[in-house]
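Student: Please take a close look at one part of this model, the salt bridges, and then connect that part to the rest of the chain. I would like one continuous account.

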Amino acid sequence: MLRALFSTMAKLNIKDVNLSGKRVLVRVDYNVPMEEVDGRMVINDTNATRIDTTLPTLDHLVSQGAKVILAAHLGRPKGKREPSMSLRPVAEKLAEKLVRPVAFVDDCLGEKVRQTAEALQPGDILLLENVRYHAEEEANDPEFAAKLAAPAEAYVNDAFGAAHRAHASTEGAAKAIAARGGICAGGLLMERELKFLGEELKQPERPFVVILGGAKVSDKIAVIDRLLEKADALLIGGAMAYTFKLAKGLGVGKSLIEPDKVDVARSAMAKAAARGIKLLLPSDNTVVTPVLTDKLDKKGNPIMEFQNPRHNTEPNIPDAEEGVDIGANTIAEYVTEISQAKTILWNGPMGIFEDERFAVGTFAIAKAVAEATENNGAKSIIGGGDSVKALNRSGLGDKVSFMSTGGGASLEFLEGKVLPGVAAINDK
Ligand code: AMP
């Protein structure tokens, strides 16, 4: 189902309602990376962003005197009790952050949950075990959703990152509570996501510059198409650029491409030209010679080594080489566009930034976006996923207007799709 570009029906928020004394089921996104240390799963502070971003909502609910029951998923246990995917370490981390106790029950429904929920006092917080320990969660089984919702009188969704999934905890439980006349509201993080990815991009201040990168055109076709109705300039980087170059008949060597998406790239270029939108492709690149080694990675796949990195200023990439980053000339061209922008949306790195030799382009773009925000008052919105990682790694995370916590969810939202987890929130 599609709706008008970036339009957002105003959604009820916890700021609009009084949940004092009510048991509230709050869906949060606590899908945080964990590491095993001495047989225990622990969360590093650098990996606790998803916990941190829920604190304003929790503070608000606690100060209002709500009885908070948190539901979340971790990893993909596929309906089994996978001990490494327990949310118990999150309860400990959350208690540390909130400086108040957080109760934990080792299931998300059943008698123990009912008793603990009933004993909650205003301001108390209970975290339930991983909802994906039950296969019915992802199946959005209505009976399971009703059981999950049973202890609660109201529902709050603050898990934007999971809102593109119609699962029991993101949709079914909300419906069950709404059916009994209970309030279903968004949290403060949800509100910010809808504001920046929705409201702010409805009528962006111009010039509106969109930077798109990452691995695949196919992941972003729909976003490209929609943004071509709004943007003044589209700057393309990452592997995606090579499918565009292929569409222009240029040599791409061994670069990561999607030959079956050449038509899509061609029609995007035609649409941009017809609408007078600048669609820029890299004019130079860092290229490497990929060499297959006899070493294997953790999954048993042969490791590819990138040898002889060099600056390629030719339009074509030689057959034996692969493009892994944008080059200095492209950086300069893109930085000029970014420095004139009043609204910036960025999704996807400019190169294989995980390898610091090929992070130059991505970091330069991050710096330019931060500077445009600080010096020109541009509104800069980072559409989640790897661009957020790159910004944090470059130490500029707090220098942009907004970084989305959703990867897939933010892309689907920008495509104009209705996210089931957002739709389930009451309209204002
Ligand atoms: P995405 O999730 O689509 O934003 O893609 C992010 C991934 O794209 C990162 O893991 C990057 O390493 C990868 N990537 C970016 N540029 C390139 C490139 N030139 N060749 C291969 N992979 C790339």
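Tutor: What follows starts with the salt bridges and moves on to a helix, some backbone details, the domains and the ligand. The model is a predicted one.

A search of the whole structure gives 30 salt bridges. One of them pairs Asp427 with Lys11, with 2.7 Å between the closest N and O atoms. Asp427 sits in the segment after helix H16 (420-423) and Lys11 in the segment before E1, so this pair ties together parts that are 416 residues apart in sequence. The two partners fall into separate accessibility classes: Asp427 is partly exposed, with a relative accessible area of 39%, whereas Lys11 counts as buried because its relative accessibility is 16%, and the cut-off for buried is under 20%.

A second salt bridge joins Arg40 and Glu92, whose closest N and O atoms are 3.2 Å apart. This pair also links distant parts of the chain, with Arg40 in strand E3 (residues 40-42) and Glu92 in helix H3, 52 residues apart. Glu92 is partly exposed, at 43% relative accessibility.

Helix H3 takes part in a further salt bridge, that of Asp45 with Lys97, where the closest N and O atoms are 3.5 Å apart. Asp45 belongs to the loop between E3 and H1 and Lys97 to helix H3, so parts 52 residues apart in sequence are tied together here. Both partners are partly exposed: Asp45 has a relative accessibility of 48% and Lys97 one of 25%. The pair does not stand alone, since salt bridges with shared partners join Asp45, Asp52, Lys93, Glu96 and Lys97 into one network.

Helix H3 (88-98) is also one of the elements against which the buried residues of H2 pack. Which residues of helix H2 (residues 55-64) are buried? They are Leu55, Thr57, Leu58, Leu61, Val62 and Gln64. Besides H3, their packing partners are strand E1 (23-27), helix H1 (49-52), strand E4 (67-71), strand E6 (125-128) and helix H8 (188-202). After H2 comes Gly65, which has a positive phi, near 85°.

Positive phi values also turn up in residues other than glycine. Lys78, in the loop between E4 and H3, has a phi near 50°. Lys78 is exposed, at 65% relative accessibility. Asn140 likewise has a positive phi, of about 50°, although it is not a glycine. Asn140 lies in the loop between helix H5 (135-139) and helix H6 (142-149), and in contrast to Lys78 it is buried, with a relative accessible area of 18%.

Asn140 leads to Glu171, since the side chains of the two residues are joined by a polar contact of 2.8 Å. Glu171 is part of helix H7 (residues 168-179) and counts as buried at 14% relative accessibility. With neighbours within four places in sequence set aside, the contacts of Glu171 are Asn140, Ala166, Pro420 and Ala424.

Another backbone detail is the cis peptide bond between Arg206 and Pro207, where omega is about 0°. Pro207 is placed in the loop between H8 and strand E9 (208-212).

The next level is that of domains. The domain assignment of the chain gives domain 1 (14-189) and domain 2 (197-415). Their centres, taken over C-alpha atoms, are separated by 35 Å. Contact between them involves 7 residues of domain 1 and 9 residues of domain 2.

The ligand remains. There are 16 residues around the ligand, and those that come nearest are Ala215, Lys220, Gly323, Glu354 and Asp386. Gly323 has a backbone N or O atom 3.1 Å from a nitrogen atom of the ligand. A backbone N or O atom of Ala239 is likewise placed 3.3 Å from a ligand nitrogen atom. Glu354 approaches through its side chain, an N or O atom of which is 2.4 Å from an oxygen atom of the ligand. Taken alone, the ligand exposes 510 Å², and the protein buries 81% of that.

Terms used. Residues are numbered from 1 along each chain as its sequence is written. This is a predicted model: local features need pLDDT of at least 70, side-chain atom pairs count only at pLDDT 80 or more; totals for chains, interfaces and linings use all residues. Side-chain values use heavy atoms; hydrogens and water are left out. Buried means under 20% relative accessible area, exposed over 50%, partly exposed in between (1.4 Å probe, protein chains only). Helices (H or I, at least four residues) and strands (E, at least two) are DSSP runs, numbered from the N terminus. Contact means heavy atoms within 4.5 Å. A salt bridge is a side-chain nitrogen of Lys or Arg within 4 Å of a carboxyl oxygen of Asp or Glu. A residue is near a molecule or strand if one of its heavy atoms lies within 4 Å of it. A polar contact is a pair of N or O atoms within 3.5 Å; within protein, one must be able to donate a hydrogen and the other to accept it, and residues adjacent in sequence count only if both atoms are side-chain atoms. Accessible areas come from the Shrake-Rupley method with a 1.4 Å probe; for residues, only the protein chains shown count as cover. Domain bounds come from an automatic or database domain assignment.
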